[in-house]
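Thanks for making the time. Please have the sequence and the model open while I talk.

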Amino acid sequence: MATPTFDCKITTPMALNETNTAKSTMRWFVHKTEYDPRWCEFRYLVNGQRAFGSLYQDMLGAKHSIDIICWGFQPSMYFVRDGGKSMRVGELLAHKGEKDNVKVRLLCWHDPTYVAEAGENNMPGFDGKVTTTKRALPDVVYEKISMMSPDYQTDEETTFDLKWYWRANLNNVTNTVHKSAGDQALDDISISRFMPTTLLGDASNYLMNAAVGFHNLELATRTFDVSERTEIVERIRAHGKAAGWSSKLINGMCQGMGGIPTHHQKMVLIDYEHPELAVGYVMGHNMLDQYWDTDEHKAAPATPKTGRSGPSPWQDISSRVTGPVLQDLNSNFCQAWDQATGQKLGEARKKVGVAGKHQLCLGGSSNARGMMAQVLRTQSQHGKTDIGKAYLQALNNATQYVFVQNQYFRWEDFADTIKAAAIKQQQAGRDPGEHGSIYLFVITNSSDVAVGSGTLTTYQMLESLGYGDRMPGVKRAETVDQLAERKASLQAALAKEQQVEQRMRTQGVDPASAIGVMNYLQDSEIRQRQMWAEIGEIENQQKSLEQQAPTAKTPAPGADLGVTSPGGTPTLKVIICTLVAPDSPPKAWVPVYVHAKLMIVDDAFTTLGSANVNFRSMNVDSEINIALENGQVASGLRQELWGLHTRMSDSGGSHKGGQQEAVDGANATGQNGSAEAFKGWSNIVARNKARSDAGSVPVSSLVEFFRSSNDRSYKD
C-alpha cells in the first residue's frame, strides 16, 4: 500500500476562557511542499461550451498579457460556436498582440520523434509535413495501424492552421541550446528544423517576422531531453521491480513513458502583473476542436462554427480562479517558460513586486466564492509528485464516498489505498450494516482509444476492486497465462520429485536408513498423485476456457463488490461506469469520451486539473491540478455532474416504465445520500443494460463499464 506519511504537528489554538471545545478537521491539503494553500475565487466550468466561452471573454478583455501552457493547440478552433461571428482562437491571440498591444506567450508540448503526432495531432499545422502527410494517407492505413489516427479538422481549418503556425514560427523562441550529443540527435530528426525559423537564418527571419510575423506573440515548445528520458526509464524499472511487475509490464511502461513522456499541463494566466485584473485557469480541456462540447453530449456532430465537431461527444472540466493562488500559477508558468526559452520572465516578474497583491475578484456566480485552494504538480524533473500525494491522502480520509471522473482508471496505489482505508475503519469498529458502507463511484472510458495502451493495468485495477469480470477477455487471457505458469511449475516440481525417487530406487540403500527411505518414497508417491491431480484439474480448466467465449459473470451492477465485512455487508462498495450520448439511436449507442480529471471526497474535498488516474500522470508527465477544501464546491459540482449523467433522456422518460426510471434518476443525484445514489446508479445501469440488449435507446447517459476485448497492452 502506498500511503503518505507526515511528521509535522498541527496546533489548534483554543480560547479556554470562552469555550472548552475545539473542532478538528481532516487534513486535506499536502503539507511541506512547494505551494502552500492560498485564498482564491474558484469557479468550476463543466464542458467546453462553458470553459472555452469563459476563457474567450477573459482573453478578449486582456489588457497586458496572456500566458498559455497547453498540451495541444489548434489555431483554427472556435471557442464560441455562434456561427462564425466570434474569432478563432488564433485570430484572437493575433488580434490581442497586434491591435491591443497585449503580450502573448504560448507554450506547447511537442514530441520531436513524431510518434505522438501519428495518433492525436496535438499541434495541427505546426509541422506542415506531418499535417499534409496524415491527410494524404488512405483510410486503410489508419484501419491497419492502431497507433495512428487521422486528423479530423476540415480543409478550411487545416489551411488556416498551416498559415497561422507558419507565421507564429517566425517568432519561435524555443531555446535550441543542446545539453548533449543525444539531445542534438533528438533535435536533428525534428521536422521543425525545416520550419522558416531554421531555414531562413536569423537575419532573414527578422525581416520576415517584421513583415508577416505576429506582433507581440511568442511561441515556444518543450519536450524531455535524453537525460530526463533515461532517468524516467530507470525510475520506472526500479519501481516495477519493487512492485512485483512482470517483465512485460516493466518493459512496456519503460517504452511507453520513456519513449513519449509528455508535458500535459493546461493553464492560462491573464494580466498577472496587474493584480486588479488578473485571472487564471486550471484546465482539463486542450485547445483543440474535439474538446468542445455542450452538456447535452449529442450523438450527431455539428460544424466547427456551430457546435460539437469532434469525432465523439466529450465530457471535461476546467476551472477559473482569481486571488493570491495566482502566484503559484505564475510560478509554474515562469519556470516552464524560462526553461523552454532561456528567458528570465520569473526574475522580471519578481522585480515588478506584485506577489501578495492579488485580491479575490468575486464574479457573483453561485459557485464563485472565496475559499482556500492549493496548486499541485507532478513535475518529475524537479521531484514533485504532489498530485499523487493529495489523491492518496484524500482517499485515506474518505468515510462516506469517493467520486472519480477520469479519462483513465489504472493506478494501483489508488485501489490499494482506498481498500486499506476501508479495512482500517472496519478494524476500528465500523459496522457497514449500522454505519453504512464507503462508496466508490467511478466514471471513465472503456473504448480502444482510451484503454488501448494500458489494458493490463486497467484490468488489474478493476480486478483489485472486484470488477475484473467487466473485462472478461483480458481476465480469460490472464487466467490462461496463470494456469500455464502454474502447470509448468507443477510439471517441473513433479519431474524433480520423480528424479529423486528414481535415484533412490536404483541406488543401494543403507539398511540403517531403509525405514526413512521407505517413508520418503511413500510421501513422494502421495505428493506426485496430488501434483498429477492438480495438473489434470488445470488441463480441464484450460480446455473449458478454450471452449468458452469471454462473458462477464457478475452479480447485479455494483452489488457486493469491494472489501467485505465479516457480517457480509461490504465496507467498500464499488460501481464503475462509462457514458453514452443520451440521444443515441437504437442499436448504435455513441460513447461519450470522458476526458475529465476530477476527484471529490465526502462533499469536502475536490481536486481537478490535468492529471489522470494512472502511473504516468502521478509520476512521469508534467501535470497541474488545483485542490480545494470547500463543501459547497464539492457538493455543488458532484450534484451537477450526477444530475447530468443520470437525467432521463426524452426517449427514456417517455418509454414504458419512465416514471420509475425518473425516480431512479432523482435518487442517483445523491440528494438523499450515498447509499440511495448507489442504488440509483445500479438501477440505471441495469435498465440501460436491458435496453442495450433489446436494441432500444438509453434511458440516460450512465452505463456500466464493460470491455470484451482480450487484447493486452503494457505501455501505461
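I will go through cysteines, one helix, salt bridges, the nonpolar cores, and then a few single places.

One caution before that: this is a predicted model.

Cysteines. How many disulfides does the structure hold? Zero. Cys70 is the one to look at, since people will ask about it. The nearest cysteine sulfur to it belongs to Cys108, at 3.4 Å, and Cys70 is in no disulfide. The cut-off for calling a disulfide is 2.5 Å between the sulfur atoms. Cys70 is buried, with a relative accessibility of 3%. Cys254 is buried as well, at 6%.

Next, helix H6, which runs over residues 155-168. Its 14 residues should span 20 Å at 1.5 Å a residue, and the end C-alpha atoms are indeed 20 Å apart, so the two agree. Which residues of H6 are buried? They are Glu157, Thr158, Asp161, Trp164, Tyr165 and Ala168. These residues cover an arc of only 135° around the axis, so they sit on the same side of H6. As a reminder, an α-helix has 3.6 residues a turn, so residues three or four places apart point the same way. On the face turned away from the buried side, H6 carries the exposed residues Asp155 and Lys163. What do the buried residues of H6 pack against? Two helices and two strands: H2 (89-98) and H4 (128-136), along with E3 (103-109) and E4 (217-222).

Now the charged pairs. The count comes to 34 salt bridges, and I will pick out a few. Asp67 and Arg105 meet through their side chains at 3.0 Å, N to O. Asp67 lies in strand E2 (residues 65-70) and Arg105 in strand E3, so this pair ties together parts that are 38 residues apart in sequence. Are the two partners buried or exposed? Asp67 has a relative accessibility of 0%, so it counts as buried. Arg105 is also buried, with a relative accessible area of 10%.

Another salt bridge joins Arg81 and Asp289, whose closest N and O atoms are 3.0 Å apart. This one links distant parts of the chain, 208 residues apart: Arg81 is in the loop between E2 and H2, and Asp289 is in the loop between strand E6 (279-282) and strand E7 (314-315). Both Arg81 and Asp289 are buried.

Further along, Arg616 and Asp621 form a salt bridge at 3.2 Å, N to O, and both of these residues are buried. There is also a network: Glu41, Arg43, Asp58 and Arg320 are joined into one by salt bridges that share partners.

On to the nonpolar cores. The largest has 100 residues, and Phe409 and Phe414 have the most contacts inside it. Which helix gives the most to this core? Helix H11 (residues 326-341) does, with seven residues. For Phe414, setting aside neighbours within four places in sequence, the contacts include Tyr391, Leu392, Leu395, Phe409, Leu440, Met461 and Met599. A second core is separate from that one and has 46 residues, among them Leu92, Ala94, Met123 and Tyr408.

Then Lys305. Where is Lys305 placed? It is in the loop between E6 and E7. Lys305 counts as partly exposed, at 28% relative accessibility. Its C-alpha atom and that of Gly83 are separated by 4.8 Å, although the two residues are 222 residues apart along the chain. Beyond its neighbours within four places in sequence, Lys305 is in contact with Tyr78, Arg81, Asp82, Gly83, Gly84, Arg88 and Glu156. Arg81 in that list is the residue that forms the salt bridge with Asp289.

Two more helices to finish. Helix H18 (residues 472-506) has 35 residues. From first C-alpha to last, H18 reaches 50 Å, close to the 51 Å expected at 1.5 Å a residue. Its buried residues include Pro472, Val474, Leu483, Leu490, Leu494 and Val500, and also the charged Glu478, Lys487, Glu497 and Glu501.

Ser674 is found in helix H24 (residues 674-693). At 15% relative accessibility, Ser674 counts as buried. Not counting residues up to four places away in sequence, Ser674 touches Gln400, Tyr401, Tyr439 and Phe441.

That is the end of my list.

Terms used: Residues are numbered from 1 along each chain as its sequence is written. This is a predicted model: local features need pLDDT of at least 70, side-chain atom pairs count only at pLDDT 80 or more; totals for chains, interfaces and linings use all residues. Side-chain values use heavy atoms; hydrogens and water are left out. Buried means under 20% relative accessible area, exposed over 50%, partly exposed in between (1.4 Å probe, protein chains only). Helices (H or I, at least four residues) and strands (E, at least two) are DSSP runs, numbered from the N terminus. The expected span of a helix is 1.5 Å times one less than its number of residues. The arc is that of the directions from the helix axis to the C-beta atoms. Contact means heavy atoms within 4.5 Å. A salt bridge is a side-chain nitrogen of Lys or Arg within 4 Å of a carboxyl oxygen of Asp or Glu. A nonpolar core is a set of buried Ala, Val, Leu, Ile, Met, Phe, Trp, Tyr and Cys residues joined through side-chain atoms within 4.5 Å.
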